[in-house]
Amino acid sequence: MFAISRSLRLSRCLSPFGRGLSASSSPGPRTLVAIDFDRTIVEQDSYLAVSQLLPTSQRKELQDQIPKCGWLSFISQVLQRLHGEHKVNSASVGKRVRSLTAVPGMLRVMRQLARIPELELCIVSDANSFFIGEWLQAYAIECLFAGGVFTNPACVQASGELLVLPYQEQTDCDLCPSNMCKGSVMDELTCSGRYERLIYVGDSCNDLCAIKRLRQKDVACIRRGFELHGKMTAHGQELACSVLTWRDGHELEELLMPKIVA
Ligand SMILES: [Mg+2]
Ligand SMILES: [Zn+2]
């Protein structure tokens with residue numbers, strides 16, 4: 001059913017943002033800053049926020065299934081019920097996503113980083129291209145992500161129902177869900193030879209695989225007080241990269257900028 005070639009999927013997921021993996025605009029070593037979306041760029045989890053459009057009992061019933069069925073199945077069922085039972089179309093879902101607030105200081109630090117010529121930004125997220133595209137458009141910041149947006153592709157069907165497809169179907173990594181291994185995305189970016197150094201910014205367990213793939217010269221920026229930070233006691237010694245912890249975008253800017261311009 002999802003027999004779409006990977007490159008097509010990638011171009012589909014990148015197409016709303018215009019640029020993606022285009023030719024590099026300036027020569028020399030480049031740094032890539034890869035940023036997670038939920039609870040890293042936006043304060044809330046976008047899937048939980050959209051599920052709030054359902055009546056509480058239905059939402060709770062579906063949320064209870066997340067540990068067993070995963071997030072992709074969760075959002076698919078949320079969207080199906082919103083459209084089928086409550087006549088909530090993709091425009092209303094988009095409106096809900098657009099209302100999500102940014103983590104304080106995050107818009108500023110992303111704009112600052114995007115201005116540095118030897119640096120590119122990308123998003124690596126298990127949300128989807130529709131949600132991320134809506135939110136970036138709301139703030140007119142699609143153009144900041146020259147490195148692309150790696151996420152589950154989504155499309156609006158003729159009926160108006162929003163459909164989210166898996167980014168990939170993988171069984172190699174048991175740290176990650178079958179629809180997306182963030183570590184494999186980081187490996188591809190490393191192997192592309194396009195970037196000298198990678199910096200990864202994230203908050204949650206689904207970012208652990210990504211930061212475990214980073215090398216000594218790379219940097220993991222872990223949001224303090226969130227899930228991934230809690231995992232560091234057990235997994236910190238498995239990381240080869242350097243680590244910095246941040247609470248909001250202001251602190252991230254303060255800690256990260258000296259590492260980039262040094
Ligand atoms: Mg997150
Ligand atoms: Zn993985």
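In this predicted model, Asp36 is in contact with Ile41, Val124, Ser125, Lys182, Tyr200, Val201, Gly202, Asp203 and Asp207, once its neighbours within four places in sequence are left aside. Asp36 is found in the loop that runs between strand S1 (31–35) and helix H2 (46–51). With a relative accessible area of 3%, Asp36 is buried, because residues under 20% fall into that class. The side chain of Asp36 also makes a polar contact of 3.0 Å with the side chain of Thr40.

Asp38 lies in the loop between S1 and H2 as well. Asp38 has 12% relative accessibility and so counts as buried. Not counting residues up to four places away in sequence, Asp38 touches Gln44, Asp45, Ser46, Tyr47, Ser125, Ala127 and Asp203. Ser125 and Asp203 thus appear among the contacts of Asp38, and Ser125 and Asp203 are also listed for Asp36.

These aspartates come together at a metal. The magnesium ion (ligand 1) is coordinated by Asp36 (OD), Asp38 (O) and Asp203 (OD), at 2.0 to 2.2 Å. Along the chain, the donors of this magnesium ion follow the spacing D-x1-D-x164-D. The UniProt annotation "binding site", from an unreviewed entry, covers Asp36, Asp38 and Asp203. Although these residues are spread over 168 residues of sequence, they cluster in space, with a largest C-alpha distance of 8.3 Å. Asp36, Asp38 and Asp203 are included in the lining of the largest pocket. The UniProt record, again an unreviewed entry, places the feature "active site" at Asp36 and Asp38. Of the residues under that feature, Asp36 and Asp38 are included in the lining of the largest pocket.

A second metal site is built from cysteines. The protein donors of the zinc ion (ligand 2) are Cys173 (SG), Cys176 (SG), Cys181 (SG) and Cys209 (SG), lying 2.3 Å from the ion. The 4 donor atoms subtend angles of 105 to 115° around the zinc ion, which makes the arrangement tetrahedral. For reference, the ideal angle for four tetrahedral donors is 109.5 degrees. In sequence, the donor residues of the zinc ion are spaced C-x2-C-x4-C-x27-C. One pair of donors links distant parts of the chain, 33 residues apart: Cys176 sits in the loop between strand S5 (162–164) and helix H9 (182–191), and Cys209 in helix H10 (residues 208–212). Cys176 and Cys209 are both buried.

Attention can now turn to the helices. In helix H8 (residues 129–138), 8 of the 10 residues are buried, so this helix is largely enclosed by the rest of the structure. The buried residues of H8 are Ser129, Phe130, Phe131, Ile132, Gly133, Glu134, Trp135 and Leu136. At the start of H8, a side-chain oxygen of Asn128 reaches to within 3.0 Å of the backbone nitrogen of Phe130. H8 is followed by Ala140, which has a positive phi near 50°.

Another acidic residue, Glu253, lies in helix H12 (residues 249–261). Glu253 counts as buried at 12% relative accessibility. Leaving out residues up to four places away in sequence, Glu253 touches Arg108, Val109, Gln112 and Pro258.

Methods
Residues numbered from 1 in each chain as written. Chains lettered and ligands numbered in written order. Predicted model: local features only at pLDDT ≥ 70, side-chain atom pairs only at ≥ 80, totals over all residues. Heavy atoms only, no water. UniProt positions renumbered as here; feature names shortened; annotations may be inferred. 1 Å grid on protein atoms, 1.4 Å probe; cavity = no way out; pocket = protein on both sides within 12 Å on 5 of 7 lines; lining within 4 Å. Helix = DSSP H or I, 4+ residues; strand = E, 2+ residues; numbered from the N terminus. Buried < 20%, exposed > 50% of the residue type's maximum accessible area, 1.4 Å probe, protein only. Contact = heavy atoms within 4.5 Å. Polar contact = N/O pair within 3.5 Å; in protein donor to acceptor, adjacent residues only side chain to side chain. Donors = N, O, S within 2.8 Å, 3.2 Å for Na, K, Ca; no water. Tetrahedral: all angles 85-135°; square planar, octahedral: opposite > 155°, others 65-115°.
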